[in-house]
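Let's take a walk through a protein chain together. Have a look at the picture first, and then we'll go through it piece by piece.

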Amino acid sequence: MSHPHPGSALPPLLQLNADALADEHLRETLHARQEIHQGNFLHLRQDTVRLPDGKLASREYVVHPGATVVIPLFDDGHILLERQYRYPVDQVIIEFPAGKLDAGEAPFTCGRRELLEETGYQADEWAYAGKLHLAIGYSDEIIHLFFARGLQSGERHLDEGEFLDVVRCPIPDFLDACRTGLITDAKTLSCALWLQNAWEGKWPLNWQAPSAF
């Protein structure tokens with residue numbers, strides 16, 4: 001680990017809530033834009049940006065509609081997970097139920113729909129935890145994170161060509177699987193931080209009926 005040279009100035013203390021004006025020395029601005037590819041799901045864009053020092057640079061990134069991920073909680077300390085084959089990594093991945101937003105769809109509506117379609121479960125209460133940027137280096141995707149409890153089982157309605165297993169897991173076993181590397185999905189690992197702190201009572205959740213969203 002590197003250390004400041006004796007006599008050198010230390011970096012300023014981190015200000016987590018710095019306003020936009022304070023970040024102007026870091027901001028890049030759009031100079032030109034080129035649409036590279038428009039697919040059924042993803043959109044590839046190349047922007048030329050002006051850097052804070054006035055020079056130009058290229059930024060290639062994926063435009064994503066956004067998504068919602070759900071942490072379904074059973075009353076007995078178990079959670080609901082999915083096992084699904086993901087072609088880009090050629091691997092069956094353990095993850096929480098999730099899906100992309102349809103055009104104009106609210107994050108809660110997406111989460112409620114995906115939970116029902118993929119698992120067959122509905123929930124009596126929901127809590128919004130926050131959002132996460134999945135891949136800030138090459139995508140604008142935002143994933144909204146919800147908890148769900150009071151689960152009631154029903155019939156799944158998988159999309160055509162969608163195949164996945166639904167499994168129950170004790171929370172300690174899930175957290176241990178994150179630690180050992182059995183679970184590698186980025187959104188699910190992010191959810192693990194929220195789940196552990198909520199489970200331990202450190203991060204309170206604002207539970208609401210579905211009608212409140």
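Which residue follows α3, and what is the sign of its phi? The residue is G201, and its phi is positive, near 80°. Keep in mind that you're looking at a predicted model.

Now step back and look at the whole chain. You'll find three helices and ten strands. Follow the sequence from start to end and the pattern reads β-β-β-β-β-β-β-α-β-β-β-α-α. If you boxed in the C-alpha atoms along the principal axes, the box would be roughly 60 × 45 × 40 Å. Of the 213 residues in the chain, 36% are buried. How far along the chain do contacts reach? Take the contacts between residues at least 6 apart in sequence: 57% of them join residues at least 24 apart.

Next, zoom in on helix α1, residues 107-119. Here's a little check you can follow yourself. The helix has 13 residues, and at 1.5 Å a residue these should span 18 Å; the end C-alpha atoms are 18 Å apart, so the two values agree. Quite a list of residues in α1 is buried: F108, C110, G111, E114, L115, E117, E118 and T119. What covers them? The cover includes the strands β4 (67-72), β5 (78-86), β7 (98-100), β8 (122-133), β9 (142-152) and β10 (164-170). Just after α1 comes G120, with a positive phi near 85°.

Let's pick out one residue of α1, namely E118. Is E118 buried or exposed? Its relative accessibility is 4%, and buried means under 20%, so E118 counts as buried. Setting aside neighbours within four places in sequence, E118 is in contact with E82, P97, A98, R156, L158, E162, L164 and V166. For a sense of distance, try W203, which sits 85 residues from E118 along the chain: the C-alpha atoms of the two are separated by 28 Å.

For a contrast, hop over to D90, in the loop between β5 and β6 (91-95). D90 has a relative accessible area of 58%, and exposed means over 50%, so D90 is exposed. Its phi is positive too, near 50°, and D90 is not a glycine.

Now for a pair of helices. Two packed helices are described by the angle between their axes and the distance between the axes. Helix α2 (residues 171-180) and helix α3 (residues 186-199) pack at an angle of about 140°, and their axes are 10 Å apart. That angle makes α2 oblique to α3. The crossing of α2 and α3 is left-handed. On the α2 side, the contact is made by I171, P172, F174, L175 and C178, while α3 brings T188, L189, A192, L195, Q196 and W199. Sort the residues of this contact by type and you get nine nonpolar, two polar and no charged.

Finally, let's stay with α3. You can run the same sort of check here: 14 residues at 1.5 Å a residue should span 20 Å, and the end C-alpha atoms are 20 Å apart, which agrees. The buried residues of α3 are K187, T188, C191, A192, L195 and N197. They pack against β4, β5, β6, β7, β9 and α2. And α3 brings us back to where we began, with G201 following it.

Methods:
Residues are numbered from 1 along each chain as its sequence is written. This is a predicted model: local features need pLDDT of at least 70, side-chain atom pairs count only at pLDDT 80 or more; totals for chains, interfaces and linings use all residues. Side-chain values use heavy atoms; hydrogens and water are left out. Axes are lines fitted to C-alpha atoms, for helices over the stretch in contact, and angles run from 0 to 180 degrees between N-to-C directions. Helices (H or I, at least four residues) and strands (E, at least two) are DSSP runs, numbered from the N terminus. Angles under 35 degrees count as roughly parallel, over 145 as roughly antiparallel, 65 to 115 as roughly perpendicular and the rest as oblique. A crossing is left-handed if the near helix is turned anticlockwise from the far one by less than a right angle, and right-handed if clockwise. Contact means heavy atoms within 4.5 Å. Ala, Val, Leu, Ile, Met, Phe, Trp, Tyr, Cys and Pro count as nonpolar, Asp, Glu, Lys and Arg as charged, and the others, Gly among them, as polar. The expected span of a helix is 1.5 Å times one less than its number of residues. Buried means under 20% relative accessible area, exposed over 50%, partly exposed in between (1.4 Å probe, protein chains only).
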